[in-house]
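Me: Walk me through one part of this model up close, please, and then carry on to whatever else is worth a look. Keep it informal, but show me how you get to each statement.

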Amino acid sequence: MNALLTADALTRSFEVGQGMFRRRRTLHAVNGVSLDIRKGEVLAIVGESGCGKSTLARMLLGLLPPSAGAITLEGRNIRDLGHKTVARRVQPVFQDPYSSLNPRRTIASIVALPLEVHGVGTAEERRRKVLDILDRVGLPQRFADRYPRELSGGQRQRVAIARALVMNPEIVICDEPTSALDVSVQSQILNLLMDLQKELGLTYVFISHNLAVVEHIATRVAVMYLGRVVELADTDSLFRNPRHPYTQALLASVLTPEPGLGLPDTHLGVAFPDPLNPPPGCSFHPRCPRRFEPCDKVTPALLRDAGGENAVACHLYPPSPANASLPKTKN
Amino acid sequence: MTDTILDVRGLSVDIATAGGVLHAVRDISLKVERGKTLCVVGESGCGKSMTSLAIMDLLPKGARRSAAALSFAGEDLSRAPGKRFNALRGNRMAMIFQEPMTALNPAYTIGDQLAEPYRLHRGASAAQARDRAVYLLDKVGIASPAERLGQYPHQLSGGLRQRVMIAMALMCEPELLIADEPTTALDVTIQAQILRLLADLQKEFGVAIMLITHDLGVVARIADRVAVMYAGQVVEEGPAAALFSDPRHPYTRGLLDCIPVPGRTARGGRLGAIPGVVPSLVGEVHGCSFRDRCPHARPVCAEDPPAREVDGHRWRCILEKAA
Ligand SMILES: Nc1ncnc2c1ncn2[C@@H]1O[C@H](COP(=O)(O)OP(=O)(O)OP(=O)(O)O)[C@@H](O)[C@H]1O
Ligand SMILES: Nc1ncnc2c1ncn2[C@@H]1O[C@H](COP(=O)(O)OP(=O)(O)OP(=O)(O)O)[C@@H](O)[C@H]1O
Ligand code: SF4
Ligand code: SF4
Ligand SMILES: [Mg+2]
Ligand SMILES: [Mg+2]
């Protein structure tokens, strides 16, 4: 299948620690992530808060340079393509509808901005296009000349989606697009995103912590833990047969709307993941209920199944003989 | 014996806008008992945040509160001066805000911001405040808490910021905690952990929690009572079990149909939706505000629907029960 956008061994680190006597330390937010984003798919990225999803998203958008590795858009490094070219084809919808909209601009001018930047149409054509897209995302036209502060969270997220779509991008990277919304708005936005995808042939990268939503909308899922992809699978396999112990814990933690069941016990240790002190070996081992001998020493690689597309990074699933990239050692 | 910590009666919030007065919250009444959790759910823009900001006396400029009663631990605050709220807020009552970045000051470190209310209200020393901050950051699941104290808000991920805010709200062991979407940016394993932390605090200190969320899964698992808001009003309120098993208001029923439930909803299929948009609340508002979107609406719904009640489960609709 053809990859539209490819991440190749992407790594991004930050230097943290302030003050004269505290030593500066390196935080590996994203650590060697390789992913193909294929035309027409909905690739979901799920994982613990702070595991690097937004950092990965910002790199894919060309908004943050990687410390190592490369991103290619149909074979060309996005560093060489320039920001404007990338922005025409890859657009974001961010996690936080509050800080991502300029408070001093009206809704219409926020949505029109990408058109202005790229010099599309006359002022009147732009206005028409803006009203059209606002209508498409379900915002009454009376909102066009209001300011973001006058809108509720759900209304602001619709503005963000309108702004992302106004340039007709191919790939939309949605970072928690519905997490600030209540459910009737969430279902409308998800229905909207699915409709727009079919109508416009869009490709989505969909970051979310809501696994019920991910199961509903995604075609493939990448599970991240502490900056790495630990499992990658088509949606059906992942939900029917989660293999990585962290994926299993994630699925066990889903709160279904059944009163009286109380809060589930995830059977995870309380050693919360810390990108400043990543544990040696498998970074999940301090919390993993199934850890065994090699786990705290050897980092498991993300291995593709024999003849399949799915992959998992866990010692419970050793490389198989048919795996071309990692031949089994003879004994 | 019930022990009401918060008793709000006839609360309204009016906001002056260019187009006229917006009636963001319209004559609502809510009660929160010590040691119990009230969850507030409802359409985006229905006035949940305005309700909590009104209770905390933190309404934005241009917004005006009026209430028949706003009693906190038996003290009526409906006409209390701002000074009284300053003494209670961040101390005996605390709030976790929906917008971490507007609540956190970008110019100060996490450590300074955590310490401030504790030093102000409890007269704690810098070292005591620091110890408590480290303890709470650890409790909310932030690793290397001592290092995080020196960081600024923009250096944290969305989920970490939210957990810092939760820790900040807990610094002075409040009796009432109002949490506006406290776990939205968190992944599910951490969410389960944070909700258990809140439940533990509740058991240990009897803290009352008013939790605003759009996650009906969270509501189902932690709420004692649930209030459903629509267009500035509480349209249904009652014990959690009754609300899920026997929703009375058509809007509540619609909400429950909107969530994808693995195994029940077809993957990639359309989710239940409540077509239409919320009516404008600018100017005079009459009748049932859900009538433009309600599948059961009749001409009589243009008049204010009756308030009904069965076993402490109340709703406002012409119908006894939506079919
Ligand atoms: N500018 C920065 N400086 C220092 N550290 C950073 C910076 N941006 C992100 N980080 C750190 O990188 C890690 C990954 O952050 P990121 O925002 O990508 O997480 P996330 O998976 O999106 O989390 P969430 O689900 O909470 O949004 C976190 O530990 C975060 O504190
Ligand atoms: N500063 C303001 N000026 C004018 N109108 C405002 C202002 N803040 C909020 N509103 C309006 O007041 C109403 C209630 O807003 P509120 O923030 O309480 O909604 P909410 O229920 O918290 O929504 P959400 O779930 O999206 O957070 C909305 O219609 C909103 O557009
Ligand atoms: S490699 Fe070991 S510690 Fe890591 S997830 Fe697998 S079993 Fe658990
Ligand atoms: S009062 Fe009428 S319009 Fe309102 S919810 Fe009931 S049936 Fe629907
Ligand atoms: Mg993020
Ligand atoms: Mg709100």
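Reply: First, a cut-off we'll lean on: a residue is called buried if its relative accessible area is under 20%, exposed if that area is over 50%, and partly exposed in between. Keep in mind too that this is a predicted model.

Let's start with A:Val230. You'll find A:Val230 in strand β10 of chain A, which covers residues 228–234. Its relative accessible area is 7%, so A:Val230 is buried. What is packed against it? Leaving out residues up to four places away in sequence, A:Val230 touches A:Val223, A:Met224 and A:Tyr225, then A:His244 and A:Tyr246, and further along A:Leu302, A:Ala311, A:Val312 and A:Ala313. For a sense of distance, take A:Gly69: 161 residues separate A:Val230 from A:Gly69 in sequence, and their C-alpha atoms are 18 Å apart in space.

Staying in chain A, have a look at ligand 3. Its surroundings come to 13 residues, and the closest are A:Cys282, A:Cys288, A:Cys295, A:Cys314 and A:His315. Sorted by class, that shell has eight nonpolar, three polar and two charged residues. How buried are the cysteines? A:Cys282 has a relative accessible area of 11%, so it is buried. A:Cys288 also comes out as buried, because its relative accessibility is 11%. With cysteines around, you may wonder about disulfides: the count over all chains is zero, on the rule that two cysteine sulfur atoms must lie within 2.5 Å.

Elsewhere in chain A, helix α1 (residues 53–60) is mostly covered, with six of its eight residues buried. Those buried residues are A:Lys53, A:Thr55, A:Leu56, A:Ala57, A:Met59 and A:Leu60. Just past the end of α1(A) comes A:Gly62, with a positive phi of about 75°. A:Glu74 is not a glycine, yet it has a positive phi of about 45°. A:Glu74 belongs to the loop that runs between β4 (68–73) and β5 (76–77) of chain A.

Now over to chain B, and its ligand 4. Among the residues surrounding ligand 4 are B:Cys288, B:Cys294, B:Cys301 and B:Cys317, along with B:His249 and B:His296. That shell divides into nine nonpolar, two polar and one charged.

For a strand residue in chain B, try B:Leu70. B:Leu70 sits in strand β5 (residues 69–72) of chain B. At a relative accessible area of 1%, it falls under the 20% cut-off, so B:Leu70 is buried. Its contacts, not counting residues up to four places away in sequence, include B:Leu6, B:Val8, B:Ile55, B:Leu77 and B:Phe85. B:Ala240, by comparison, is 170 residues from B:Leu70 in sequence and 24 Å from it in space, C-alpha to C-alpha.

B:Asn86 gives another reading. It belongs to helix α2 (residues 82–88) of chain B. With a relative accessible area of 43%, B:Asn86 lies between the two cut-offs, so it is partly exposed. From B:Asn86 to B:Ile5 you count 81 residues in sequence, and 18 Å from C-alpha to C-alpha.

Then there is helix α5 of chain B, residues 126–139. Its 14 residues reach 20 Å from first C-alpha to last, close to the 20 Å expected at 1.5 Å a residue. Which of its residues are buried? They are B:Ala129, B:Arg132, B:Ala133, B:Leu136 and B:Leu137. Looking down the axis of α5(B), these buried residues fall within an arc of 135°, so they line one face of the helix. The general reason such a pattern can arise is that an α-helix has 3.6 residues a turn, so residues three or four places apart point the same way. Covering the buried residues of α5(B) are, among others, α4 (110–122), α6 (145–148) and α7 (158–170) of chain B. After α5(B) comes B:Gly141, with a positive phi near 85°.

That brings us to α7(B) itself. Here 13 of the 13 residues are buried, so α7(B) is largely enclosed by the rest of the structure. At 1.5 Å a residue, its 13 residues should span 18 Å, and the end C-alpha atoms are 19 Å apart, which agrees.

Last stop, B:Asp311. It is found in the loop between β12 (307–310) and β13 (313–316) of chain B. B:Asp311 is not a glycine, but its phi is positive, about 50°. At 73% relative accessibility, B:Asp311 is over the 50% cut-off and therefore exposed.

Key:
Residues are numbered from 1 along each chain as its sequence is written. Chains are lettered from A and ligands numbered from 1 in the order in which they are written. This is a predicted model: local features need pLDDT of at least 70, side-chain atom pairs count only at pLDDT 80 or more; totals for chains, interfaces and linings use all residues. Side-chain values use heavy atoms; hydrogens and water are left out. A residue is near a molecule or strand if one of its heavy atoms lies within 4 Å of it. Ala, Val, Leu, Ile, Met, Phe, Trp, Tyr, Cys and Pro count as nonpolar, Asp, Glu, Lys and Arg as charged, and the others, Gly among them, as polar. Helices (H or I, at least four residues) and strands (E, at least two) are DSSP runs, numbered from the N terminus. Buried means under 20% relative accessible area, exposed over 50%, partly exposed in between (1.4 Å probe, protein chains only). Contact means heavy atoms within 4.5 Å. The expected span of a helix is 1.5 Å times one less than its number of residues. The arc is that of the directions from the helix axis to the C-beta atoms.
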